Each structure stands twice: as C-alpha cells, then as structure tokens.
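Reader: I would like to go through this structure with you, beginning with the ligand site. Could you take my questions one at a time?

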Amino acid sequence: MEYKNLLVAKEGGIATITISRPKALNALNAEVIGELYALWKELEADENIRVVIITGDGEKAFVAGADIGELKELDALGGIELSKRGQSLLWNIENSDMVSIAAVNGFALGGGCELALACDIRIASENAQLGQPEVNLGIIPGYGGTQRLTRLVGKGMSKLLTFTGDMADAQEAYRIGLVEKVVPQAELKETVNKIAGKILSKGPKAITAAKRSINAAANTDLDSGLRYEMAEFGAVCATEDSKEGTTAFMEKRKPEFKGR
Ligand code: CAA
C-alpha cells in the first residue's frame with residue numbers, strides 16, 4: 001500500500017516508520033492515524049518483522065500532537081470517536097507481539113507524547129521536548145496520556161506536566177523516567193538501530209513473553225501479575241529456543257534462535 005504521510009523502511013527484522021507531515025510538525029490528523037492503522041496491520045502480517053522503530057521526519061519534531069485544526073469542530077460524540085480511534089491504534093502498538101521503539105527526534109507533544117508512551121521503549125535526542133500541553137487548548141489528553149504517563153512517571157509528575165502543559169526537555173524527561181536514554185541527534189538512529197538489533201538477536205518467543213508479562217504489571221495486582229509471569233515462563237520453557245539457549249550456554253557457544 002502507498003502511504004502519503006509515512007515512510008517505511010524494512011531491513012532484516014526491523015521496520016522503521018517515519019511520520020512525515022512536515023508542514024504540521026508531523027501532527028496526527030485522521031489521515032495519518034488511518035495510515036498508521038493500515039501500516040501496523042501490514043507489519044503484523046509480515047512474520048519477518050519483530051521490531052518497529054517509530055520516528056518523525058526532519059530534525060524538529062517527532063509528532064507535535066493530534067492535528068489541532070481537526071479538534072476545533074468536535075462535539076462530545078466527535079471527541080469520543082477521535083479518542084477511541086487514537087486509543088485503539090496505540091493499544092494495538094502497545095499490545096503487539098512486535099517490539100516498538102520511539103526514536104523521539106524533537107517535539108513529542110500531546111498525541112505525539114502519547115504515541116511515544118504506547119511504544120515499549122523511548123530513546124530521545126538531546127533537542128527533544130515532551131509534554132501533554134492539551135490544557136492550553138482547553139482539552140485533556142485523549143490518546144491515553146492520562147493513563148500511560150501516570151503509570152510511567154507517577155501521579156504527581158503526570159499531574160505537574162498535564163496541569164501546567166509544560167514541556168520537559170530531554171534531560172528532564174530522562175530524569176523522570178519518561179524516556180530511557182538521551183543521545184545527540186546525530187547518534188539517535190544508530191543508537192536505536194543498535195538496541196533493535198540486540199533485541200532481534202534474542203529468542204523471539206522470550207521477547208514476546210517478557211513484553212506481555214511486563215505489560216501485565218501495569219494492568220494487574222501483584223498476585224495476578226506473578227501468576228501471569230509464571231504461565232508465560234512455563235510456556236517459554238517448552239520452546240525449542242529455550243533448549244537451544246540453555247544448551248548453547250553450557251556448550252559455550254552463541255545460540256541460534258529460531259522463534260520456535
Ligand atoms: N496540529 C496542527 N498543526 C500544527 C500542530 C498541531 N498539533 N503543531 C504544529 N503545527 C503547525 C503550526 O500550526 C505551523 O503551521 P503554519 O506554518 O502553517 O503556521 C507549523 O506546524 C509549525 O509550527 P510553529 O510555527 O508553531 O512552530 P514553532 O517552532 O514556533 O512551535 C511547537 C513548535 C511548540 C511544537 C508549536 O507548534 C505547538 O505548540 N504546537 C502544538 C502542540 C500541541 O498543543 N499539541 C497537542 C495537540 S492536542 C492533542 O494531541 C490531543 C490528544 O491528546 C488527542
């Protein structure tokens with residue numbers, strides 16, 4: 001499929017999605033959301049792809065939010081529909097068996113910050129600025145920001161950022177745990193590719209089981225989460241890859257994982 005606002009590159013098991021709407025700092029209008037939906041489905045169907053990197057075109061913005069022009073005319077029902085569609089896309093990303101990495105190369109605001117929050121890992125360039133400035137517009141985050149930001153950085157910091165609408169620069173975002181690493185912009189691509197490559201070298205079933213179990217931590221109480229982990233642990237113990245991984249260790253060689 002042809003995408004008007006997305007650039008897609010596939011190499012090995014890694015797909016890189018570049019959101020490209022330069023005139024609006026890569027803001028997510030309905031068309032971009034629709035294209036991301038279609039592309040995500042396409043990538044899910046490609047069994048070679050195991051890691052997806054999401055970034056923004058240019059050096060200024062990752063994604064500057066939902067498209068403000070489209071928000072202006074919304075009534076209550078329209079707002080719910082818009083929120084539902086964005087939330088559903090981000091839910092698919094968060095719950096995919098593919099690992100997602102946000103390469104935050106500039107402004108990640110509103111829906112852009114929410115997109116980064118739905119990814120498994122966030123790596124920021126030094127010029128990145130992240131935040132939930134929706135209150136400046138008289139609205140609130142609608143793509144999961146009140147929930148995922150709170151789970152990631154805690155209630156107080158989530159409220160501070162959301163109530164003030166202030167942006168956190170890359171170092172502050174790192175300090176509060178909103179991004180996992182900060183690198184110079186010139187090194188962002190290489191750093192993210194390196195992390196993606198490292199994840200690719202591990203047993204695919206183990207990565208998926210770990211992702212599901214860690215996600216469960218945010219959604220359940222400790223006892224349920226521990227039971228969930230136990231079941232996933234049992235499942236990976238029955239894979240060929242677990243036999244290969246443990247045998248390779250004993251034989252002092254590199255494992256060759258097959259995803260079985
Ligand atoms: N939607 C639509 N257009 C946007 C946009 C957005 N979210 N963000 C930036 N743009 C457009 C600007 O209107 C401008 O267009 P023109 O050149 O046609 O005037 C262009 O992108 C460049 O932006 P600026 O001139 O404003 O660039 P700047 O460097 O002066 O400022 C910025 C950069 C601080 C990111 C500023 O653009 C800004 O504050 N953007 C809005 C950020 C925002 O409020 N995001 C939240 C949106 S609401 C949301 O996301 C709701 C939700 O959760 C679902």
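Author: The answers below cover the ligand site, the nonpolar cores and some loop residues, and the model is a predicted one.

Reader: Which residues come nearest to the ligand?

Author: The ligand has 23 residues around it, and those that come nearest are Lys60, Ala66, Gly111, Glu114 and Glu134.

Reader: And by class, what does that shell have?

Author: The shell around the ligand has 14 nonpolar residues, together with five charged and four polar ones.

Reader: Which helices and strands supply at least two residues of the shell?

Author: Helix α2 (68–71), strand β6 (107–109) and helix α4 (111–118) each supply at least two.

Reader: I am considering the polar contacts next. How far is Lys60 from an oxygen atom of the ligand?

Author: An N or O atom in the side chain of Lys60 is 2.6 Å from a ligand oxygen. Lys23 also has a contact with a ligand oxygen, but through a polar backbone atom, at 3.3 Å.

Reader: What lies 3.0 Å from a nitrogen atom of the ligand?

Author: That is a backbone N or O atom of Ile68.

Reader: How much of the ligand's area does the protein bury?

Author: The protein buries 62% of the 980 Å² that the ligand exposes when taken alone.

Reader: Let us turn to the interior. Which residues of the largest nonpolar core touch the most other members?

Author: This core has 46 residues, and the ones touching the most other members are Ile17, Ile19, Ile54, Phe62, Val104, Leu130 and Leu178. Helix α1 (residues 30–45) gives the core its largest share, six residues.

Reader: Is there a second core, and what does it include?

Author: A separate core of 13 residues is present, and Ile53, Ile101, Ala103 and Leu188 are among them.

Reader: Back to Leu178, please. What does it touch, leaving aside residues up to four places away in sequence?

Author: With those left aside, Leu178 touches Leu117, Arg122, Leu130, Leu149, Leu152, Val153, Leu161 and Ala173.

Reader: A different topic: where does Ser96 lie?

Author: Ser96 is in the loop that runs between α3 (76–94) and β5 (99–104).

Reader: Is Ser96 buried or exposed, and why?

Author: Ser96 counts as buried because its relative accessible area is 4%, and the cut-off for buried is under 20%. A polar atom of the Ser96 side chain lies 2.9 Å from the backbone nitrogen of Met98. Not counting residues up to four places away in sequence, Ser96 touches Trp40, Glu44 and Lys211.

Reader: I should also like to check backbone angles. What is phi of Leu25?

Author: Phi of Leu25 is near 50°, a positive value for a residue other than glycine. Most residues other than glycine have a negative phi. Asn26 likewise has a positive phi, near 65°.

Reader: Where is Asn26 found, and is it buried or exposed?

Author: Asn26 lies in the loop between β2 and α1, and it is buried, with a relative accessible area of 1%. Leu25 is found in the loop between β2 (14–19) and α1, but Leu25 is partly exposed at 28% relative accessible area.

Reader: One last residue: is Ile140 buried or exposed?

Author: Ile140 counts as exposed because its relative accessibility is 60%, with the cut-off for exposed being over 50%. Ile140 lies in the loop between β8 (129–131) and α5 (145–153).

Reader: How far apart are Ile140 and Gly110 in space?

Author: Their C-alpha atoms are 8.8 Å apart, while Ile140 and Gly110 are 30 residues apart in sequence.

How values were computed
Residues numbered from 1 in each chain as written. Predicted model: local features only at pLDDT ≥ 70, side-chain atom pairs only at ≥ 80, totals over all residues. Heavy atoms only, no water. Near = heavy atom within 4 Å. Polar contact = N/O pair within 3.5 Å; in protein donor to acceptor, adjacent residues only side chain to side chain. Areas by Shrake-Rupley, 256 points an atom, 1.4 Å probe, with all protein chains shown as cover. Helix = DSSP H or I, 4+ residues; strand = E, 2+ residues; numbered from the N terminus. Nonpolar A, V, L, I, M, F, W, Y, C, P; charged D, E, K, R; others polar. Core = buried A, V, L, I, M, F, W, Y, C linked by side-chain atoms within 4.5 Å. Buried < 20%, exposed > 50% of the residue type's maximum accessible area, 1.4 Å probe, protein only. Contact = heavy atoms within 4.5 Å.
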